[in-house]
Amino acid sequence: MTKREEYEQKTERLLMPIMERTGFELVDVEYVKEGSNFYLRAYIDKTGGITIDDCELVSRELSDLLDEEDFIPEAYILEVSSPGLGRQLKKDKDFARSIGEEVEVKLYKPMNKRKEFEGELESFDEQNIVLRISETEQLTIPRESIAMIKLAIHF
């Protein structure tokens, strides 16, 4: 397990009691370096959407717990936010919630001479996702080929 994965898992464990008590959903936790700064980000959601006050509540509680546990030796910036409209799908629960939704898929390597697809997420399993590209076309994409998949945003 990498340092990043360890920090993310420990942070998830600290967040779960907060999520259960507040009725929020923990969408994702990531520990990343951007430029010269490290960021510990928690993405939360709830039915009807997350507010700034919700983020502030979770941030305060999580910050106190992180200070107590003190398992990240580097200086970092803690951010708690909503996953946003074009939220990425990373975990099986994200895929399950998004069945029937329009998604955008970006691949590491071209498939059928394309690296980007958009369609309705029809199904998924451990190895593949299935997109409905049109009324007559379905596409099965290996999950290991996916660089990013997120909900499509149409205005």
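How far apart in helix α2 are E56 and R60, in terms of helical turns? Being four residues apart in helix α2, they are separated by about one helical turn. The legends below describe close-up views of a predicted model.

**View 1. The salt bridge between E56 and R60 in helix α2**. The two side chains meet at 2.2 Å, N to O. E56 is partly exposed, with a relative accessible area of 35%, whereas R60 is exposed, at 53%.

**View 2. The fold of the chain**. The secondary structure comprises three helices and eight strands. Read from the N terminus, the elements follow the order α-β-β-α-β-α-β-β-β-β-β. Along the principal axes, the C-alpha atoms occupy a box of roughly 55 × 35 × 30 Å. Of the 155 residues in the chain, 35% are buried.

**View 3. The largest nonpolar core**. This core has 21 residues, of which L15, M19, I44 and V58 touch the most other members. At least two residues of the core come from each of α1 (3-22), β1 (25-34), β2 (37-45) and α2. The greatest contribution is that of α1, with five residues. In soluble globular proteins, nonpolar side chains tend to be buried together.

**View 4. The salt bridge between K90 and E30, and its network**. The side chains of K90 and E30 meet at 3.9 Å, N to O. This pair links distant parts of the chain, for K90 lies in the loop between β3 and α3 (92-97) and E30 in strand β1, 60 residues apart. K90 is partly exposed, with a relative accessible area of 38%; E30, at 15%, counts as buried. Both residues belong to a network of salt bridges that also includes D28, E34, R41 and E79. In the whole structure, 20 salt bridges are found.

**View 5. The salt bridge between R132 and E122**. The closest N and O atoms of this pair are 2.9 Å apart. R132 lies in strand β6 (residues 128-132) and E122 in strand β5, so the salt bridge ties together parts that are 10 residues apart in sequence. R132 is partly exposed at 25% relative accessibility, and E122 is partly exposed at 28%.

**View 6. A patch of negative charge on the surface**. The patch gathers D64, D67, E68, E69 and D70. D67 is found in helix α2 (residues 52-69) and is exposed, with a relative accessible area of 56%. D70 is placed in the loop between α2 and β3 (77-81) and is likewise exposed, at 58% relative accessibility. Although D70 is not a glycine, its phi is positive, at about 50°.

**View 7. The loop residue N112**. N112 lies between β4 (102-111) and β5 (114-124). Its phi is near 55°, a positive value in a residue other than glycine. With 56% relative accessibility, N112 counts as exposed.

**View 8. A nonpolar patch on the surface**. L85, I153 and F155 make this patch, which covers about 410 Å². F155 is located in the segment after β8 (146-151) and counts as exposed, at 91% relative accessibility.

**View 9. K46 and L26**. Their C-alpha atoms are separated by 8.9 Å, while the residues stand 20 residues apart along the chain. K46 is located in the loop between β2 and α2 and counts as partly exposed, at 29% relative accessibility.

How values were computed:
Residues are numbered from 1 along each chain as its sequence is written. This is a predicted model: local features need pLDDT of at least 70, side-chain atom pairs count only at pLDDT 80 or more; totals for chains, interfaces and linings use all residues. Side-chain values use heavy atoms; hydrogens and water are left out. Patches are made of residues with over 30% relative accessible area and no salt bridge: like charges are joined within 9 Å, nonpolar side chains (Val, Leu, Ile, Met, Phe, Trp, Tyr) within 5 Å. Accessible areas come from the Shrake-Rupley method with a 1.4 Å probe; for residues, only the protein chains shown count as cover. A salt bridge is a side-chain nitrogen of Lys or Arg within 4 Å of a carboxyl oxygen of Asp or Glu. Lys and Arg count as positive and Asp and Glu as negative; His and the chain ends are not counted. The place of a charge is taken as NZ of Lys, CZ of Arg, CG of Asp or CD of Glu. Buried means under 20% relative accessible area, exposed over 50%, partly exposed in between (1.4 Å probe, protein chains only). A nonpolar core is a set of buried Ala, Val, Leu, Ile, Met, Phe, Trp, Tyr and Cys residues joined through side-chain atoms within 4.5 Å.
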